[in-house]
Amino acid sequence: MSFFDELGRYLGSANNRVQILGDLGDHVYLALLPLVLGIVLAVAAGWLGHRWAPARQVLMVVANLLYTIPSLALFVVIPGLIGTKILDSVNVVVALTIYTAALLVRPVLDALDAVPPPVVAAATAVGYKPVRRFFAVELPLSVPVLAAGVRVASVSNISLVSVGALIGTGGLGVLFTDGFQREYFSPIVVGIALTLLLALVVDLVLVGARNVLTPWTRVGAP
């Protein structure tokens, strides 16, 4: 039996298709929820670091240290820190939220630094308070730079979720471990293909969201 016959037979099973869809749904949840939470934390940290120079240096050091922690080690350590069970998907969400925030701290700072000072001064002159100015002026203008970092973080999360399968959490990584244990390549190939497809779809969605949020960047474009 050829590989393609084996792959067709694997995908032809209704039980396998249900499992694949379930794993894909878990993967989307475990990758995108930490992305959203990490963006919120990184923006808050970036705002603090942008306004207070000493905090900027501390944030950069902490972010770099956190991102160097091996993902599998963090998945294992977190249950002991927050009191969850080792197989709880919350562990992956917390770990990837930490990674996302750590990865995005520098892009957020760079994005806020890229906002033209005259624009900030003009907003202040017309009566914008710091918090309102941040959300109404600085953050929207920082989106083009920040979006690049978010795209990298999304791909990183989609990739790292698969590592969680080694400790029994869901996601497309389950197809990898199942295939390796049984020396059955079809689920491995399906898992790789869906991971790549998911990363592509999420990236396209983020690009579309960036374009919607920054219409001024397309003014005068051919």
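Modeller: Let's start with what a helix is here: a DSSP run of H or I that is at least four residues in length, numbered from the N terminus. Serine 154 has its place in one of these, helix α7, which covers residues 130–161. Please keep in mind that this is a predicted model.

Colleague: Happy to. How many helices and strands does the protein chain have?

Modeller: There are 9 helices and 0 strands, and reading along the sequence gives the pattern α-α-α-α-α-α-α-α-α. The C-alpha atoms fill a box of roughly 75 × 50 × 20 Å along the principal axes.

Colleague: Back to serine 154, then. Why is serine 154 called buried?

Modeller: Its relative accessible area is 2%. Buried means under 20%, so at 2% serine 154 earns the word.

Colleague: What does serine 154 touch, leaving aside its neighbours within four places in sequence?

Modeller: Serine 154 is in contact with Leu35, Val202 and Leu206. As for distance, the C-alpha atoms of serine 154 and alanine 199 are separated by 7.4 Å, with their places 45 residues apart along the chain.

Colleague: Leucine 160 is in α7 too. What makes leucine 160 count as buried?

Modeller: The number to look at is 17% relative accessibility. That falls under the 20% cut-off, so leucine 160 counts as buried. Not counting residues up to four places away in sequence, leucine 160 touches Ser71, Phe75, Leu96 and Tyr99.

Colleague: Which helices do those four belong to?

Modeller: Ser71 and Phe75 are in α4, while Leu96 and Tyr99 are in α5. Leucine 160 and alanine 95 are 65 residues apart along the chain, and their C-alpha atoms are separated by 9.8 Å.

Colleague: That brings us to α4 and α5 themselves. How do you describe two packed helices?

Modeller: With the angle between their axes and the distance between the axes. For α4 (residues 71–82) and α5 (residues 90–113), the angle is about 115° and the axes are 9 Å apart. The crossing of α4 and α5 is right-handed. On the α4 side, the residues meeting α5 are Ser71, Leu74, Phe75, Ile78, Pro79 and Ile82.

Colleague: How do the residues of the contact of α4 with α5 divide into nonpolar, polar and charged?

Modeller: There are 11 nonpolar, 2 polar and no charged. Ser71 and Asn91 belong to this contact, and both count as polar because neither name is among the nonpolar or charged types.

Colleague: Now the other end of α5. Why does leucine 112 count as buried, while aspartate 113 is called partly exposed?

Modeller: Leucine 112 has 3% relative accessibility, which is under 20%, so it is buried. Aspartate 113 has a relative accessible area of 39%. Partly exposed lies between the 20% and 50% limits, so that term fits aspartate 113.

Colleague: Which residues do these two touch, beyond four places away in sequence?

Modeller: Leucine 112 is in contact with Gly46, Trp47, His50, Phe134, Glu138 and Ser142. Aspartate 113 touches His50 and Arg56. His50 therefore appears in both lists, each made with a contact limit of 4.5 Å between heavy atoms.

Colleague: How do you know that aspartate 203 makes a polar contact with arginine 151?

Modeller: The two side chains come to 2.7 Å. A polar contact needs N or O atoms within 3.5 Å, so this distance meets the limit. Aspartate 203 is in helix α9 (residues 185–213), and with 17% relative accessibility, under the 20% limit, it counts as buried.

Colleague: Let's finish with loops. What makes serine 162 buried and glutamate 183 exposed?

Modeller: Serine 162, in the loop between α7 and α8, has a relative accessible area of 13%, so it is under 20% and buried. Serine 162 touches His27, Gly173, Phe176 and Thr195, not counting residues up to four places away in sequence. Glutamate 183 sits in the loop between α8 and α9. Its relative accessibility is 68%, over the 50% mark, so it counts as exposed. Glutamate 183 also has a positive phi of about 50°, although it is not a glycine.

Colleague: And what share of the 222 residues is buried?

Modeller: Buried residues make up 41%.

Notes:
Residues are numbered from 1 along each chain as its sequence is written. This is a predicted model: local features need pLDDT of at least 70, side-chain atom pairs count only at pLDDT 80 or more; totals for chains, interfaces and linings use all residues. Side-chain values use heavy atoms; hydrogens and water are left out. Axes are lines fitted to C-alpha atoms, for helices over the stretch in contact, and angles run from 0 to 180 degrees between N-to-C directions. Helices (H or I, at least four residues) and strands (E, at least two) are DSSP runs, numbered from the N terminus. A crossing is left-handed if the near helix is turned anticlockwise from the far one by less than a right angle, and right-handed if clockwise. Buried means under 20% relative accessible area, exposed over 50%, partly exposed in between (1.4 Å probe, protein chains only). A polar contact is a pair of N or O atoms within 3.5 Å; within protein, one must be able to donate a hydrogen and the other to accept it, and residues adjacent in sequence count only if both atoms are side-chain atoms.
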